[in-house]
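Please take a moment with the sequence and the model before reading on. The paragraphs below go from single side chains to the whole chain and its partner.

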Protein chains: 2
Amino acid sequence: MARITGSNGARTAAAIRRAALKLIYRQGFAAMNLRDLAAEVGIQPSSLYNHIPGKQALLSDMMREHMEVLLDSTEAALAAAGPALMDRLRAFIGHHVLYHMERRQEVYIANFELRALDPASRARIVALRNGYEARLMGLLEEGVALGELEVADIRVTAFAMLAMLTGICTWYRPGGRLGKAELVQLHTELALNGIRRR
Amino acid sequence: MARITGSNGARTAAAIRRAALKLIYRQGFAAMNLRDLAAEVGIQPSSLYNHIPGKQALLSDMMREHMEVLLDSTEAALAAAGPALMDRLRAFIGHHVLYHMERRQEVYIANFELRALDPASRARIVALRNGYEARLMGLLEEGVALGELEVADIRVTAFAMLAMLTGICTWYRPGGRLGKAELVQLHTELALNGIRRR
DNA sequence: TCCGGAAACTAACGTACCTTCGTTTCCAGC
DNA sequence: GCTGGAAACGAAGGTACGTTAGTTTCCGGA
């Protein structure tokens, strides 16, 4: 046997990403092995190397792509919002929650597999994440300057908000008691109540 | 060579726990290997088996012990607080934040290594964690009944609060810009502002 | 002081993992 | 219709891991 009828490079590469996402999310990167990954894709372990340089590179590529999508879609959401600060803040929060529900596997991996990366890749990902956090801090600062927000400590508040909003991807499952729109609404109010001027 | 001068069972067992905590926190359970663990303790890999039944049991024992400490110290903090609901709620939040700063390694592991456990151990730990979460939900319900809190959804709110408060153990380091007391204060206000009746 | 067991050592077993190699078959552009 | 490269295969190399076995030395209670 050799090349299989109907095989296609792009399709297999995508299947590998999808399978890796599922397995890393379920077991963690270190616990995932390439035999299981190949089996999930439906090919032999050695065939993986036609599409990826190695196990490590697979993870860092996936994480970098994820961070870029997160940053780009965040910018799009902010651009689509009105110019008023509170509109942009609501857009940021709403987008964050929605994104974390819809791509909770990518998010979970990006948050908790940083330590599995080689130092160079980690530095790149951390830089992207810092940029994301800085975006929220900028909005908070703006709100304070405008007198619309009351924030004791920008940095701690931003971290606390992000932790709260990110938490949803540890328990949310589609088809649960509450729908996405309701959860976005609930989290937006919880987050804003914590900082809104009274 | 054989038994080393000055060796002591209890001391070595404690050193193993301490070293495992450090290594699992840094690399994850699956990525930690017993050779590195033994080296960190200063003994040979096989000597570990004088103190632990195996790698898997080490993790589940550590996690169970951690959850019991968390639950017990929470009860103590609640008992020490005044009878008023808001006092107990503040005690819960303050204790949670402080505990998560002081034992951030244990907490981090307990939160993110659940998937590394065998199903039976995982069920035990999850049950303990559910009890902890239920404790907070109980306080929120009480507050709503008393008219002191405004909570749209008890369950989601409790999860959001816990995520926010737990987030501190991902970035807090002793000796940072803010002290423990300040961080407890900041987080308490952020959490309460989100739910307090206005 | 003596002795049983605790606690360490060295050596090694079997497995499982990531990766490489060489080969074979299929697809696509000319 | 040919042909070069893409994409799969089977087999295996080399390492690292968890764990066991057997042995040796030290501690602490009688």
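A:Arg103 is partly exposed, with a relative accessibility of 33%, in a model that is predicted. This arginine forms a salt bridge with A:Glu106, and the closest N and O atoms of the pair are 3.6 Å apart. The partner falls in another class of exposure, because A:Glu106 has a relative accessibility of 18% and counts as buried, the cut-off for that word being under 20%. Side chains of opposite charge can pair when their charged atoms come close.

A second pair can be followed in helix H6, which covers residues 119-146 of chain A and holds both A:Glu133 and A:Arg129, four residues apart and so separated by about one helical turn. The two form a salt bridge in which the closest N and O atoms are 3.8 Å apart. Are these two residues buried or exposed, or something in between? A:Glu133 has a relative accessible area of 14% and is buried, while A:Arg129, with a relative accessible area of 29%, is partly exposed.

Helix H3 of chain A, residues 55-80, offers a third pair, A:Asp61 and A:Arg64, which lie three residues apart, about one turn of the helix. Their salt bridge has its closest N and O atoms 3.3 Å apart. Here A:Asp61 counts as partly exposed at 22% relative accessibility, and A:Arg64 is likewise partly exposed, its relative accessible area being 25%. The pair also belongs to a wider arrangement, since A:Asp61, A:Arg64 and A:Glu68 are linked in a network of salt bridges. Over all chains, the structure holds 28 salt bridges.

From these charged side chains the reader can turn to A:Thr157, which is found in helix H7, residues 154-166 of chain A. At 3% relative accessibility this threonine counts as buried. Which residues is A:Thr157 in contact with, once its neighbours within four places in sequence are left aside? They are A:Leu140, A:Val151 and A:Ile195, together with B:Leu190 of the other chain. A:Leu136 stands 21 residues from A:Thr157 in sequence, and the C-alpha atoms of the two are 9.8 Å apart in space.

Seen as a whole, chain A has nine helices and zero strands, and its C-alpha trace spans about 70 × 40 × 30 Å along its principal axes. Of the 198 residues in the chain, 47% are buried. Among the contacts in chain A between residues at least 6 apart in sequence, 69% join residues that are at least 24 apart. The accessible surface of the chain comes to about 9,500 Å², and carbon and sulfur atoms account for 53% of that area. As for charge, chain A carries 25 positive and 20 negative side chains, and the centres of these two sets lie 7 Å apart.

The last step is to set chain A beside chain B. A turn of 180°, with a shift of 0.0 Å along the axis, lays chain A on chain B with an RMSD of 0.1 Å. That is the relation of a two-fold axis. How, then, do the copies meet? They meet through the same surface, because 100% of the interface residues of chain A are also interface residues in chain B.

Note on methods:
Residues numbered from 1 in each chain as written. Chains lettered and ligands numbered in written order. Predicted model: local features only at pLDDT ≥ 70, side-chain atom pairs only at ≥ 80, totals over all residues. Heavy atoms only, no water. Helix = DSSP H or I, 4+ residues; strand = E, 2+ residues; numbered from the N terminus. Buried < 20%, exposed > 50% of the residue type's maximum accessible area, 1.4 Å probe, protein only. Contact = heavy atoms within 4.5 Å. Areas by Shrake-Rupley, 256 points an atom, 1.4 Å probe, with all protein chains shown as cover. Lys, Arg positive; Asp, Glu negative; His and termini not counted. Charge placed at Lys NZ, Arg CZ, Asp CG, Glu CD. Least-squares fit on C-alpha atoms with pLDDT ≥ 70 in both. Salt bridge = Lys/Arg side-chain N within 4 Å of Asp/Glu carboxyl O.
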